[in-house]
Amino acid sequence: MNKEEEERPCSSPRHLSCVSPLLHTMTTEPASLESLHVLYQSDDYIVVDKHWDIRIDSKMWYEKQTVQAQLRHRFPQLADPSTYYGFRFCHQLDFSTSGALCVALNKAAAGRAYRCFKDRTVTKAYLALIRDWVEEQTQTLDFRIGKNSSEGKTHMMCIEGTEGCGNPKPCQTELTVLEYGLYDGDPVTKVLLQPLTGRTHQLRVHCSAIGHPIVGDFTYTLGADDAPYRMMLHAHLLHIPLEPQPLLVSAGDPFLPVVDPKWLPQRTLRTLTTTMEALLEGSVEHDRKIKEEERKRARREEERRKRSKEQRTEQESEEQRRQCQEWLSEWAGD
């Protein structure tokens, strides 16, 4: 942990390390080269609280404000000259999305994290403010998502059945309602979103598909929602089940009246703390079951190899006895 950054523990199972930022690290001010908030740092990883409206990296000469540039500015000694950007980003966050972003500091660490993402053992949870009041308090959003090939929309994704939607793939998102309230006088719902798959713009497309687009999502409201200072989507929690020590980091909650007075909660259904505790307990139990299944598969494979070896030994012994009998018969005949 960078000594310049303050920290406090967040709710988590005892065997997981977890860090979350204090409230004062959250701001409605635009990003700058110096405004990099570090949530976690070790010899292998850095987790930062990515600012809203900033790209992770860019090959465009005019893109001066990127997370990569912020990292080079803060940690020039950690940049790897063998990589194009100097740092290995373990996953992606949209330009408009803020929150926990993990960076690997060496090739081996990047490989370990990549395997977790590839095996879908990583737990991610996002906070969002979405338009209007959502009636169904917990639901699974299950819409196949593909690339939009329609003219003027090639930068967008779309759900299956939309005109111009190409190669749609399965996508699932868990949605849990936390609070109902108003944003700048309009009804909105504060929700926790857990992506079970990892498609481009998945959360934004899924929320739009149920008629509750994310507040400030200029793209998926076709330019209509342009009043808020940012898109209200934040990567709140990241859990990567690394061995021997899992990485668990919380990027706090920026959607609070003390941060943005335009957000006015009116009715709370469940607290973020209890919701996250339940999610993490489920994640830990899921990891335990996966590891137990892996151990069972390893035992079955070991037993299969042992039986195969015993069978080969028996066959070899039988062949040796047959050859010995032939030699004895030949000797007796002589």
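Contact here means heavy atoms within 4.5 Å. With that in hand, here are some views of this predicted model.

**Figure 1. Ile-130 and the residues it touches.** Leaving out residues up to four places away in sequence, Ile-130 touches Leu-175, Val-188, Thr-189, Val-191 and Cys-207. The list goes on with His-212, Pro-213, Ile-214 and Val-215.

**Figure 2. The largest nonpolar core.** Ile-130 turns up again here, as the largest nonpolar core has 50 residues and Ile-130 is one of those that touch the most other members. Leu-71, Leu-175, Leu-192, Leu-193 and Leu-233 share that distinction. Which strand gives the most to this core? That is strand S6, residues 123–131, with 6 residues. Apart from this core lies another, of 19 residues, and Tyr-45, Ala-109, Ala-110 and Ala-113 are among them.

**Figure 3. Helix H3 and the glycine that follows.** Is helix H3 largely enclosed or not? Of the 8 residues of H3 (residues 202–209), 6 are buried, so the helix is largely enclosed by the rest of the structure. The buried residues are Gln-202, Leu-203, Arg-204, Val-205, His-206 and Cys-207. Cys-207 also appears in Figure 1, where Ile-130 touches it. Look for Gly-211 after H3: its phi is positive, near 85°.

**Figure 4. Leu-78 in its loop.** You will find Leu-78 in the loop between helix H1 (67–74) and strand S4 (88–89). Leu-78 has a relative accessible area of 26%, and it counts as partly exposed because that value lies between the 20% and 50% cut-offs. Which residues does Leu-78 contact, leaving aside neighbours within four places in sequence? They are Gln-41, Ile-46, Gly-86, Phe-87 and Leu-105. Leu-105 is 27 residues from Leu-78 in sequence, yet the two C-alpha atoms are 7.0 Å apart in space.

**Figure 5. Stepping back to the whole protein.** For orientation, the protein has 4 helices and 15 strands. Its radius of gyration is 27 Å, well over the 20 Å that the globule rule gives for 334 residues, so the protein is more spread out than a compact globule. Along the principal axes, the C-alpha atoms fill a box of roughly 110 × 50 × 45 Å. Buried residues make up 46% of the 334 residues. Among contacts between residues at least 6 apart in sequence, 65% join residues at least 24 apart. The protein exposes about 18,400 Å², and carbon and sulfur atoms supply 50% of that area. As for charge, the mean positions of the 44 positive and 50 negative charges are 3 Å apart.

Key. Residues numbered from 1 in each chain as written. Predicted model: local features only at pLDDT ≥ 70, side-chain atom pairs only at ≥ 80, totals over all residues. Heavy atoms only, no water. Core = buried A, V, L, I, M, F, W, Y, C linked by side-chain atoms within 4.5 Å. Buried < 20%, exposed > 50% of the residue type's maximum accessible area, 1.4 Å probe, protein only. Helix = DSSP H or I, 4+ residues; strand = E, 2+ residues; numbered from the N terminus. Rg over C-alpha atoms; globule rule 2.2 N^0.38 Å. Areas by Shrake-Rupley, 256 points an atom, 1.4 Å probe, with all protein chains shown as cover. Lys, Arg positive; Asp, Glu negative; His and termini not counted. Charge placed at Lys NZ, Arg CZ, Asp CG, Glu CD.
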